Amino acid sequence: METQITIHHFVQHHFNQQHTSQIEEIDLYAQKIDNHFPGIAVSKFDFYTLLLGIKGKATLGAAHHVFELNQHSISILPPDTICKMEHLTDDFEAYIVVFTPDFLKKGAITAEIIDELLYINQEYAPVFEVEPLLFTSLYHKFTEIEKEAGKESLFYLEMIRLYLLQILYDYNRVCEICLLNSQKNINRPYQIVYEFRKLVDLKFRELKTVKEYADLLFITPKYLSQCVKEQTGGSAIHIIHKRIVLEAELLLNYSTSSIKEIADLLHFDSASHFSRFFKNIKAQSPGQYRNKR
């Protein structure tokens, strides 16, 4: 079932833009946002979301990561990743630029270079703090993208692509520095949790227990649970349940499927079983969650 959100839908819903050339022609939209921005419900986009924190903070989620966009931080949320944005502080300000994967490839830079720039290691939260001088430079580039997209002067698409490429190069440079300074140890428990999370993303509809995943990893459920506890501080079953609930929220937010159909899609044996499961985690029934949108 298709639950991906397009730029057209995103901009219409979040910015009340019914028709702009930014949406219709170039698959890119740029704007400064503040605490009046409605946030992002659990969603899966078919475009990249680039954020530069200016003031205040907001809580972001991308796949299994939950992190904060703070003042002087930059984040990229890739397509095909379940994400959300909530808890914006009263003083929150940020720039947001959304663009499709093909937007940059319409320029002169080779697709291979662009793919490398847009590669995101999903084992790390996609957010990085930037030094004041780099922030000033990034802020200027985001501002120029918004101006170019708004005035549509001669060569404005090429100018936007150039600014966007510069931002991506800056992001990759900061990303590399931060990852090189990371204290995370690539040990056996870390590798197990990494493989476990990949399996959960692939199998969460069919497999619901720690034992089923442990069997696929050829380890005991006890050892898998120990590894997850050591690496994340949480439980293995929490990771499984969280992924199922994220998919349920996505379907409840953006599909027209009934509760029973969603229960079937997620391989629950009945709608009542799914409803009990959802309510136990979210403290509200699937119907109540859907009606609050």
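Analyst: A cavity is a set of grid points where a 1.4 Å probe fits but cannot get out. In this predicted model, the largest cavity has a volume of about 50 Å³.

User: How many cavities of 30 Å³ or more does the structure hold?

Analyst: The structure holds one of that size. The volume of the largest cavity, about 50 Å³, meets that limit.

User: What makes a residue part of the lining of the largest cavity, and which residues line it?

Analyst: A lining residue has an atom within 4 Å of a grid point. For the largest cavity these are Ala62, Ala63, His65, Pro78, Thr81, Ile120, Asn121, Gln122, Tyr124 and Pro126.

User: How is the lining of the largest cavity divided by class?

Analyst: Six residues are nonpolar, four are polar and none is charged. Tyr counts as nonpolar, so Tyr124 belongs to the nonpolar group. His is outside the nonpolar and charged lists, so His65 is classed as polar.

User: Why is the space of about 580 Å³ called a pocket?

Analyst: A pocket is an open set of points, whereas a cavity is one the probe cannot leave. The space of about 580 Å³ is the largest pocket, so by that definition its points form an open set.

User: Which residues lie nearest the centre of the largest pocket, and which elements give two or more residues to its lining?

Analyst: Of the 28 lining residues, Ala63, His64, His65, Arg197 and Lys242 lie nearest the centre. The elements are β6 (65-70), α7 (188-203), α9 (221-232) and α10 (236-254). Helix α7 gives the largest share, six residues. By class, the lining has 11 nonpolar, nine polar and eight charged residues.

User: What is known of the second largest pocket?

Analyst: Its volume is about 400 Å³. The lining has 17 residues, and Ile40, Ala41, Val42, Asn253 and Tyr254 lie nearest the centre. Two or more lining residues come from each of α1 (7-15), β3 (40-45), β8 (82-86) and α10. Seven of the lining residues are nonpolar, five polar and five charged.

User: Why is Glu247 called buried?

Analyst: Glu247 has a relative accessible area of 4%. The cut-off for buried is under 20%, so Glu247 is buried. Glu247 lies in helix α10. Beyond its neighbours within four places in sequence, Glu247 is in contact with Ile82, Phe204, Arg205 and Leu266.

User: Where is confidence lowest and where is it highest?

Analyst: Helix α2 (residues 21-26) has the lowest confidence, with a mean pLDDT of 50, and strand β4 (residues 48-55) the highest, at 96. The chain averages 87, and 92% of the residues score at least 70.

Terms used
Residues are numbered from 1 along each chain as its sequence is written. This is a predicted model: local features need pLDDT of at least 70, side-chain atom pairs count only at pLDDT 80 or more; totals for chains, interfaces and linings use all residues. Side-chain values use heavy atoms; hydrogens and water are left out. On a 1 Å grid over the protein atoms alone, a cavity is a set of points where a 1.4 Å probe fits but cannot get out, and a pocket is an open set with protein on both sides within 12 Å along at least five of seven lines; lining residues have an atom within 4 Å of a point. Grid points are joined across faces, edges and corners, and a volume is the space filled by probe spheres set on the points. Helices (H or I, at least four residues) and strands (E, at least two) are DSSP runs, numbered from the N terminus. pLDDT is the predictor's confidence in each residue, from 0 to 100. Buried means under 20% relative accessible area, exposed over 50%, partly exposed in between (1.4 Å probe, protein chains only). Contact means heavy atoms within 4.5 Å.
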